Amino acid sequence: MGSIALPLAKTISPEHTVPVDFDALFLAHYQSVFRLAYRLAGTREAAEDLAQETFLRLHRTPGIWQDQEGVGSDPVNDRRVAAWLYRVATNLAYNYVRGRGRQKRREDASTGAMSEVDPADMAERMETRLAVRQALATLPERQVQLLLLRHAGLSYRELAEALDVAPGSVGTLLARAEAAFEKVYNRSNPGNMHDGPARRDGEGA
Amino acid sequence: MNEHYDMGLLRACLDGELLPAEMAQVTAHLEVCAHCRETLAQLRGRAHMVSAAMGGLEFRGSVPQPQQALARFREEIPTRERHSFRWDDLQRRIHMTGRNLFSPRWRPLTAAVSALLIVAILFTIAPVREAAADFLSLFRIRKFAVIPLDQAQMDRLESLAQQAEGAFGEPQIVREEGPTQVVAGASEAAALAGYPVRTPGRLPEGTRLEKIAVRSGPAMHFEFDRQAVATVLQAAGASTDGLPQADSIAFDVDVANAVLQQYQVAHPQSSFSRLEFMQVPSPQVDLPAGIDPIALAKTGFLFLGMPAEDAERMANSIDWTSTLVIPLPADAGKAREVSVDGVTGLLVEDARNPFRSSAVLWERDGVLYFMSGSNMDQRVLLDAADSLQ
């Protein structure tokens, strides 16, 4: 993670109003954002759409990326933009799975996940993924963002920046989020029960 | 407990995220403390389990090429911006509130039940896909009115929406909403929709009709459990005055065929100028007996923090059976009445930059019109609206 923007070819044609720097950011971070969105959304189509929406938000919020010199090549600014993008992407993806949730859940179980089928994938794996996503969809947004981003490889400092929390609290928040996830996941998948019951330290904000 | 480390620190220790000095302290402590060792083991097991679960979610195909995604992004900007009306905050908030309050199918309706919920529900309209269609899927609309809201009021509504989450169940779908059918032109659209289709007579030279389509609206039957509605209102600290006494509040909504037109507008100042135009016969809503919209509206205004006198006045000044009330965050959008198509309509614009996004809404002869323009001079929009034929 924490990809650094490369000085990419500025291929934008003159009639477009999109600033060149925006393109560099797009190209540098697109794949990370896509992967992040995919983890939650579960289909390529939805992930692409969420990634596009994420960058649209960035595009619309030039204050995030335009107020410093050397956008895209300055590591400090780039990290800030990345943090912002990750927060927005996970927020959108979370909203997506929640919003789609209730009424479509059954369809997802049967067909929705199928659209993404990798022939090598066994049905069981797909079920597991679906169960994981469903468990995530029931957790508070902040916990889901934390789990996703941590798993995407962000350091505690990066997590703190992306989620706007104190760096010293990341360990606690992460422990809580993991406990909350375990609890929900095990409840819906008794077969996957991990050793030992979740402790009461698992709750809280 | 004091002599044990808290789990946050131990969790950070697992990830190697402690400073070297802290790390040394914790390590030394673990040597002598079985309790902390146990906690650490538990955290580790859980972290592995979560990590395994999350690992399964990873994308394993070939990731889309950024260059292609960027090309698509540029292409889609106008459409996406239109859907969100470009008012980011408004869009986000509406979306969140709407999602919390109702499943998508609830959206068109709650409006009719209580003015309070009308206010909340309308938050769902603009932003979501097919914005315009949803926007207008409400009772018999003859007029539009805007209620400007400040941040605190928006927050109150959001919290109400959160409390209401899932409280009302699902509506019965009498007739499913149809797919959007793209047609060749206005006459084909008219044949499909069942009524005459109007098109703008004046648009800048070089403007291109991108798409014309017809979409059939849903018919729905709603039954609110009075108790559920009352509980939500009470939990929010709002009054239940104005709710009918019957246990169940039932009503029907029927939305007719909508005709949508999209134009790529030739504009000297932008290559992203788009005009979107929708017309739909005003949807029908049969309201339940015994509902008192004025009392409900007053409740809503009080809930938003309006002084009693103002709430009373506002509630009485609006004809709730025919007015679509649009709550508009004051910092996101501005609205004013304009003369359009021979009637009085409402012009809503991006508060910061009307050029970016404006929309005009009006009703004429039982038909609702909604025209929005992005990246264009407002005069182009109004001129197009005024030249329908």
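What percentage of the 389 residues in chain B is buried? The share is 45%. Keep chain B in view as we go, and remember that this is a predicted model.

**Stop 1: chain B as a whole**

Colour chain B by secondary structure. You should find 14 helices and 14 strands. Now think about which parts of the chain touch each other. Take the contacts in chain B between residues at least 6 apart in sequence: 71% of them join residues at least 24 apart.

**Stop 2: the open sheet**

Select the strands of chain B that make up the sheet. There are 8 of them, in the order β3-β4-β7-β8-β14-β13-β12-β11, and the pairing is antiparallel. At the edges sit β3 (180-183) and β11 (333-340) of chain B, each pairing on one side only. Turn the sheet end-on and look for its twist, which averages 20° from one strand to the next.

While you're here, add helix α10 of chain B, residues 186-193. This helix packs on the sheet, touching β3, β4 and β7 of chain B, and its direction makes about 10° with that of β4(B).

As you look along a strand, keep a general rule in mind: in a regular strand the side chains alternate between the two faces of the sheet.

**Stop 3: walking across from β3**

Begin at the β3 edge. β3(B) and β4(B) are paired antiparallel over 4 bridges. Click on Val183(B), and you'll find Ile212(B) of β4(B) standing opposite.

Next, select residues 208-215 of chain B, which are strand β4. Between β4(B) and β7(B) there are 7 bridges, and the two strands run antiparallel. Find Arg208(B): opposite this residue, in β7(B), is Gln264(B).

Stay with β7, residues 258-264 of chain B. Is this strand mostly covered or hardly covered? It is mostly covered, as 5 of its 7 residues are buried. On to β8 (residues 274-281) of chain B, which is joined to β7(B) by 6 bridges, again antiparallel. Gln264(B) has a bridge partner in β8(B) too, namely Arg274(B).

**Stop 4: the β11 edge and two loops**

Jump to the other edge. Strand β12 (residues 343-350) of chain B is joined to β11(B) by 8 bridges, and they run antiparallel. Click on Lys334(B) and look for Glu349(B) opposite, in β12(B).

Now zoom in on the loop between β11 and β12 of chain B, where Asp341(B) is found. Its phi is near 55°, a positive value in a residue other than glycine. What makes that worth a click? Most residues other than glycine have a negative phi. Asp341(B) has 19 other C-beta atoms within 10 Å, so this residue is partly exposed.

There's another case to visit: Asp365(B), in the loop between β13 (357-364) and β14 (367-374) of chain B. Here phi is near 50°, also positive in a residue other than glycine. Asp365(B) counts as exposed because it has 9 C-beta neighbours inside 10 Å.

**Stop 5: a bare helix**

Select residues 20-32 of chain B, helix α2. How many of its 13 residues are buried? The count is 0, so to speak a helix that is hardly covered. From first C-alpha to last, α2(B) reaches 19 Å, close to the 18 Å expected at 1.5 Å a residue.

**Stop 6: over to chain A**

Pick out helix α6 (residues 141-151) of chain A. This one is largely enclosed by the rest of the structure, because 8 of its 11 residues are buried. Among those buried residues are Gln143(A), Val144(A), Leu148(A) and Arg150(A). Following α6(A) comes Gly153(A), with a positive phi near 105°.

Then find Leu130(A) in helix α5 (residues 123-138) of chain A. With 17 other C-beta atoms within 10 Å, Leu130(A) is partly exposed. Show Leu40(A) as well: the two are 90 residues apart along the chain, yet their C-alpha atoms are separated by 9.6 Å.

**Stop 7: where A meets B**

Finally, select helix α8 (residues 170-188) of chain A together with helix α1 (residues 7-14) of chain B. Their axes are 7 Å apart, and the helices pack at an angle of about 90°, which means α8(A) is roughly perpendicular to α1(B). On the α8(A) side, the contact includes Val170(A), Leu174(A) and Ala175(A); on the α1(B) side, it includes Met7(B), Leu9(B) and Arg11(B). The residues of this contact divide into 6 nonpolar, 3 polar and 1 charged.

Terms used: Residues numbered from 1 in each chain as written. Chains lettered and ligands numbered in written order. Predicted model: local features only at pLDDT ≥ 70, side-chain atom pairs only at ≥ 80, totals over all residues. Axes fitted to C-alpha atoms, helices over the stretch in contact; angles between N-to-C directions. Parallel < 35°, antiparallel > 145°, perpendicular 65-115°, else oblique. Contact = placed C-beta atoms within 7 Å. Nonpolar A, V, L, I, M, F, W, Y, C, P; charged D, E, K, R; others polar. Expected span 1.5 Å × (residues − 1). Buried ≥ 20, exposed ≤ 12 C-beta atoms within 10 Å, placed from the backbone. Pairing = 2+ DSSP bridges.
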